[in-house]
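Good morning, colleagues. Please bring up the sequence and the structure on your screens, and I will take you through several of its elements in turn.

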Amino acid sequence: MSKLVAFAAIQGAYNIVSKAEGKYKKALETYGGSQKLEFPNTAYFLPIIYSLTGIKVTDLDSAKKPLEFARKLLPPHVKKDCHLPYLGPLLDAGMGALFAEEIAEAIRYVEDPGFYQPEVEDPDVENGKIWLGAADDAIMRKRGVEFVDGTAPGFAAIVGAANDSAQAKKLAEEYQLKSIYVFMAANQNGTTFAEQLIQEGVQIGWNTRLVPFGPDISAAVFALGFANRAGLSFGGIQPGDYKKMLAYQKNRIFAFVNALGEVNAEWAANAAGCVNWGFPTLADTDIPEILPTGVCTYEHVVANIPIDEMSQKSIEVRGLKVTISKIDIPLAYGPAFEGERVRKDDLYLEMGGGKTQCTELVKMAEMNDIEDGHVEVVGPDVSDSKKGDRLPLGIYVQVAGRKMQPDFEPILERQIHHLINYAQGIMHIGQRDISWVRVGQQAIEKGFTIKDIGKILHAKLHQDFGSILDKVAVTLYTKKEDVAKLTDRARKEYRVRDDRVEKMTDESVETYYSCTLCQSFAPSHVCMVSPERTGLCGAYNWMDCKASFEINPTGPNQPVEKGECLDPKLGQWKGVNDFVFKASRQAITHYNFYSLVNDPMTTCGCCECIAAVLPGCNGIMTVHRDYTGQTPCGMKFTTLAGVMGGGQSSPGFVGHSKYNITQRKFIVGDGGLHRLVWLPKSLKEEIRDRLVKRGEELGIPDLVDRIADETVGITEDEIMPFLKEKDHPALKMEPIVG
């Protein structure tokens, strides 16, 4: 191991710990030991410390122990020419530095509460408030799912700044094209990578996967904390089990560090800390290297990488596999551009959004009826428009294939949203007949036309669904009368589809579908999707899984024969149990579809909602992940997810989708929808129409108004008078727990 690496990293760690101790002492004198210490709206306390040591830092007093531990991790000072034959002292120094920095950053939240904006996805660039700090749990869970399903292959933690802003933009876009997140921290020569991107007019924030954590090297703890929170939330790793956590990071979180500019001692200490995670550091300067493999997959620290080669070399060293889709359009294209916004000042042309009609329809065609690759614009295109114009738009996609089925039409149709959004400078919102497309000025300057929408859909539908379709033709209507005609037809098609799915029951099919997509993060979790129990993430229903299997027969959605029904009330089948036992690696022997009291289905951190028993109200509550407040079960969503996520079956709790609440089999083994006594107001309003419809079916048309929310109370005692006043049916049912 390089003598200079050891000297610099250990010296840097001493500097970081000493600074944190000084900051801690000052804070203790100013605020007192009971001062709350946290990253707001996040679970897992200070996540690096908590996940690796099990120590819960909740206030300044409780921060003393891990800070003392950080000091003890520092190895003896070494001389500049001292040779260390192994990495141990270096790794300990790096870990001590990170513990200290995490405490220092938590203190910053107290000293300067407006410095970070953790609850937003896009920073307030106009007012100079660009630093986001620790990701709010709602954001973390939303983004964490992308690491689970492979939408995001990994992340690059960029510290420092490029030689100039044009270089910074080029490197950032290379990572965006590869769908890799960029987490930014530290400054170099009076600027930061994030500020360079802003200078180039690049949108930064979670929505574009260019995330500005903070201006100092200590903000690197937010990137590592994000990774550890993923391990706790999705991987089911217990706090304090540092061996499993660090192994999980090396094997499942594909991250690396790009150090741009002069690497000082404190940067070196952070690089040493990242090696513990299996995250290598690549620098564009001449720094001491650690090339042998060991803790990381390949090299640990690599120097002198020209910035033009940085992204490719980083991916190689980390052992990351990336697939890039090349589409024949004049714009950059990839998932990282999905969250990009086309704002008013940059808007050239828009279609739909209430200003005009915008409708999408996918229909199956006979093989001989369409020509593959035929893309036609019927009506005005960009060349016939001027800045600020609005056009109607009808997107009519015809697909044909030997394995194509009408059931697949809505699945393909739902792809239109993100496939169009992947084009840089194009924004798509909504679906069906309420879509909205905005085209930015820069996209027009690069040569984008409406016809390119058809090129995107043709190429990507072939790429993603080639196993079921052989031909794709796209017609784009931009005349009002043509769009109106397509809209009338589409609405009739939508009604037929909705009625068919709505009428399907669990009894009407002999095959359910598994979903093991989340096993990359939660190894024992096996989701089972039936017609009346959608996937708990909300992204997959039975039809989606059926199509997924047809598209990818060896993928995560496998057909499962139900077999003998062991319990019709709770929803348990022998064939399902056999599959779950095998797919969970013998961790789960059985579970019930329709109960949260008795052996419920496993849950992972991807769930949209979590339901919990409220024994004092003889009912249940449910909470969605966008709600950050307290709930009557005494836990917020984030705490609930930490308690029963990670692929566990937790009696009294279960994860589910929003849509599942109004499906007929929702917890029917425990009494069904009659048991629902509390849910957040925002969720109630979101599904109000479906709740009203289900209430009418159950003979309680005003059921939705008998359900309490946070405006009534957030404890069982607070909501009970409301339930009594409204004569909630749960109060007259048999006890939910024996």
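I begin with helix 14, whose buried residues pack against strand 9 (375-378), strand 11 (393-400), helix 12 (409-421), strand 14 (471-477) and helix 16 (542-551). Please keep in mind that this is a predicted model. Which residues of helix 14 are buried? They are D452, I453, G454, I456, L457, H458, K460, L461 and F465. Helix 14 itself covers residues 451-465, 15 residues in total. From its first C-alpha to its last it reaches 21 Å, close to the 21 Å expected at 1.5 Å a residue.

I turn now to strand 2, residues 181-185. Here 5 of the 5 residues are buried, so strand 2 is largely enclosed by the rest of the structure. In a regular strand, side chains alternate between the two faces of the sheet. In strand 2, Y181, F183 and A185 point one way, while V182 and M184 point the other way. Both sets are buried.

What are the partners of strand 2? One of them is strand 1 (residues 155-160), which pairs with strand 2 in the parallel sense over 5 bridges. Within this pairing, V159 stands opposite A185. Between strand 1 and strand 2 the chain passes through helix 6 (residues 165-177), and this β-α-β crossover is right-handed.

Strand 2 also pairs with strand 3 (residues 210-214), again in the parallel sense, over 4 bridges. Here M184 of strand 2 stands opposite P212 of strand 3. The chain goes from strand 2 to strand 3 by way of helix 7 (residues 193-199), in a β-α-β crossover that is likewise right-handed.

My last topic is an open sheet of 4 strands, in the order 22-20-21-23 and with mixed pairing. Why do strand 22 and strand 23 each have one side without a neighbour in the sheet? Strand 22 (653-656) and strand 23 (676-678) stand at the edges, and each has a single partner strand, so one side of each is left free of a neighbour in the sheet. From one strand to the next, the twist averages 35°.

Strand 20 (residues 609-614) and strand 21 (residues 619-624) pair in the antiparallel sense over 6 bridges. In that pairing, the bridge partner of V613 is I620 in strand 21. Finally, helix 18 (residues 637-644) lies across strand 20, strand 21 and strand 22. Helix 18 runs at about 85° to strand 20.

Thank you for your attention.

Key
Residues are numbered from 1 along each chain as its sequence is written. This is a predicted model: local features need pLDDT of at least 70, side-chain atom pairs count only at pLDDT 80 or more; totals for chains, interfaces and linings use all residues. Side-chain values use heavy atoms; hydrogens and water are left out. Two strands pair if DSSP finds at least two bridges between them. Helices (H or I, at least four residues) and strands (E, at least two) are DSSP runs, numbered from the N terminus. Axes are lines fitted to C-alpha atoms, for helices over the stretch in contact, and angles run from 0 to 180 degrees between N-to-C directions. Contact means heavy atoms within 4.5 Å. The expected span of a helix is 1.5 Å times one less than its number of residues. Buried means under 20% relative accessible area, exposed over 50%, partly exposed in between (1.4 Å probe, protein chains only). A crossover is right-handed if, with the strands pointing away from the viewer, the path from the first strand over the helix to the second runs clockwise.
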